[in-house]
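This note is addressed to a colleague who is new to the structure. It sets out, in numbered points, what may be checked against the model.

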Amino acid sequence: MRQYHAECPAQPVPLDRRLPQVRAAIDGAGTYRHTPGELAFGARVAWRNSRRCIGRLYWNSLRVLDRRDARSPEEIHRHLCTHLREATHHGRIRPVISVFAPDTPAGPGPRLRNEQLIRYAGHTRADGTVLGDPRNTGLTEAARRLGWQGTGEPEGPFDVLPLLIETAGDKPQLFDLPRDLVLEVPIVHPECPAITALGLRWHAVPAVSAMRLRIGGVDYPLAPFNGWYMGTEIGARNLVDKDRYDLLPAVADCLGLDTGSERTLWRDRALVELNLAVLHSFHTAGVRISDHHTESRRFLTHLAREARQGRSVPADWSWIVPPLSGGITPVFHRTYEDTDQRPNFYPADAERRPPPAGCPMG
């Protein structure tokens with residue numbers, strides 16, 4: 001409360017009146033309700049404090065959708081669809097957060113089993129291999145146990161999973177995402193038709209939904225938020241990690257690289273070309289994305305702005321430095337203060353005082 005009133009002093013209820021109101025609510029009910037202004041400020045500062053996010057320069061532009069009065073799974077689903085529509089914005093991706101009811105002494109708030117609003121299924125085949133995203137095999141199996149029949153087409157590597165919405169006292173319920181809300185970008189290489197022929201694609205909005213938002217001691221277990229993608233998140237992690245799509249060997253084969261020795265640096269060369277394809281594809285499709293060199297410079301701009309306001313910037317070096325060409329980005333050659341500042345986002349299933357994690361950039 002003191003931080004909010006210090007940074008946003010023009011409030012209809014001054015701090016010396018608001019603090020007794022909060023204390024009285026806690027004494028009576030064990031919790032209190034944030035005003036819309038407090039909620040919006042807390043959500044934006046939580047992004048500002050997210051130590052693993054390189055894209056915090058834009059924290060004050062976060063659009064906050066107050067959904068605390070939504071109760072039924074059907075109403076929550078409608079609001080999540082609205083979130084995707086407003087965030088996608090015809091490819092001009094906007095930072096958005098939707099904040100649903102908090103946990104209270106009277107009962108828990110709603111939750112979502114999905115790690116992100118848009119996730120691709122991982123279909124486990126009879127021989128133990130996975131078609132799609134291996135990270136999501138558990139969620140895929142959970143959806144099938146609840147009655148999901150798939151997308152209505154033959155199983156593929158990019159089948160969008162339904163949302164599993166859970167409210168207090170009820171089992172999770174399935175809701176499909178309307179196809180017109182899931183903007184996807186086909187991955188096309190500007191010079192290598194063989195990479196294009198792999199038939200890759202990725203969704204445009206990285207809306208993280210497995211983090212709880214903590215503001216002033218109040219936990220919001222369902223507060224999906226998004227920025228836009230940095231290219232390496234797709235081209236150097238999602239499509240490349242061994243426990244994800246593991247596509248570097250296939251890309252190297254498309255490029256005709258010698259994979260018989262690590263000295264040929266075939267992994268590095270394939271990685272660069274895949275990331276080039278991702279950036280080229282999003283740009284050609286008119287979908288907002290950032291490259292890691294630009295975003296690294298913008299992060300230093302953010303550090304300078306915060307310093308002028310007398311604020312420190314918590315950061316986890318291992319997450320801030322991009323997974324591609326890290327040593328030639330400016331964020332590599334410095335240290336950061338890795339502290340837990342609040343408000344913040346925390347893993348949904350963590351203890352009451354977990355280390356902060358997560359990145360609204362996706």
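1. In what follows, a residue is called buried when its relative accessible area is under 20%, exposed when that area is over 50%, and partly exposed in between. By this rule F345 is buried, because its relative accessibility is 1%. The reader should keep in mind that this is a predicted model.

2. The partner of F345 deserves attention next. F225 also counts as buried, since its relative accessible area is 2%. The rings of F225 and F345 form an aromatic pair, with 4.2 Å between the centres and 35° between the planes, an arrangement classed as tilted. F225 belongs to strand β13 (residues 225-226) and F345 to strand β16 (residues 344-347), and with 120 residues separating them the pair links distant parts of the chain.

3. How many aromatic pairs does a search of the whole structure find? The search returns 10. One of them joins F158 and W202: their ring centres are 6.5 Å apart and their planes stand at 85°, so this pair is edge-to-face. F158 is found in the loop between α5 (137-145) and β6 (163-166), while W202 is in strand β9 (residues 201-203); the pair therefore ties together parts that lie 44 residues apart in sequence.

4. Are F158 and W202 buried or exposed? F158 has a relative accessible area of 4% and is therefore buried. W202 is likewise buried, at 0% relative accessibility. Both residues belong to one aromatic cluster, which is formed by Y120, F158, W202 and Y245.

5. Aromatic rings also lie beneath charged groups in this model. The charged end of R288 sits over the ring of W228, at 3.6 Å from the ring centre. In a second case, the charged end of R214 sits over the ring of Y346, and here the distance to the centre is 4.6 Å. R214 appears again in a network of salt bridges that links D103, R111, R212, R214 and D219.

6. Side chains of opposite charge can pair when their charged atoms come close. Over the whole structure, a search finds 27 salt bridges. Among them is the one between E38 and R18, with 2.7 Å from N to O. Because E38 lies in helix α3 (residues 36-48) and R18 in helix α2 (residues 15-29), this salt bridge ties together parts that are 20 residues apart in sequence. E38 is buried, with a relative accessible area of 5%, and R18 is buried as well, with 9%.

7. Two further salt bridges may be examined. D66 and R68 form one, in which the closest N and O atoms are 2.7 Å apart. Which of these residues is buried, and which is partly exposed? D66 counts as partly exposed, because its relative accessibility is 33%, whereas R68 is buried at 2%. The other salt bridge joins R179 and E184, with 2.9 Å between the closest N and O atoms. E184 has a relative accessible area of 17% and so counts as buried.

8. Helix α5 has several buried residues, including T137, L139, T140, A142 and A143. The elements that cover the buried residues of α5 include β4 (122-124), β5 (130-132), β6 and β7 (173-175). After α5 comes G147, which has a positive phi, near 110°.

9. Helix α7 (residues 231-238) is mostly covered, with 7 of its 8 residues buried. Which residues of α7 are buried? They are G231, T232, E233, I234, G235, A236 and N238. These buried residues pack against β9, β14 (229-230), α9 (266-285), β15 (289-290) and α10 (292-308). Strand β9 has already been met above as the element that holds W202.

10. A last point concerns the cysteines. A disulfide is a covalent bond between the sulfur atoms of two cysteines. When a disulfide is counted as a pair of cysteine sulfur atoms within 2.5 Å, the count comes to 0. C53 counts as buried, at 0% relative accessibility, and C81 is buried too, at 8%.

Key. Residues are numbered from 1 along each chain as its sequence is written. This is a predicted model: local features need pLDDT of at least 70, side-chain atom pairs count only at pLDDT 80 or more; totals for chains, interfaces and linings use all residues. Side-chain values use heavy atoms; hydrogens and water are left out. Rings of Phe, Tyr and Trp (its six-membered ring) pair if their centres lie within 6.5 Å; planes under 30 degrees apart count as stacked, over 60 as edge-to-face and the rest as tilted. Helices (H or I, at least four residues) and strands (E, at least two) are DSSP runs, numbered from the N terminus. Buried means under 20% relative accessible area, exposed over 50%, partly exposed in between (1.4 Å probe, protein chains only). A charge sits over a ring if NZ of Lys or CZ of Arg is within 6 Å of the ring centre and within 35 degrees of the ring normal. A salt bridge is a side-chain nitrogen of Lys or Arg within 4 Å of a carboxyl oxygen of Asp or Glu. Contact means heavy atoms within 4.5 Å.
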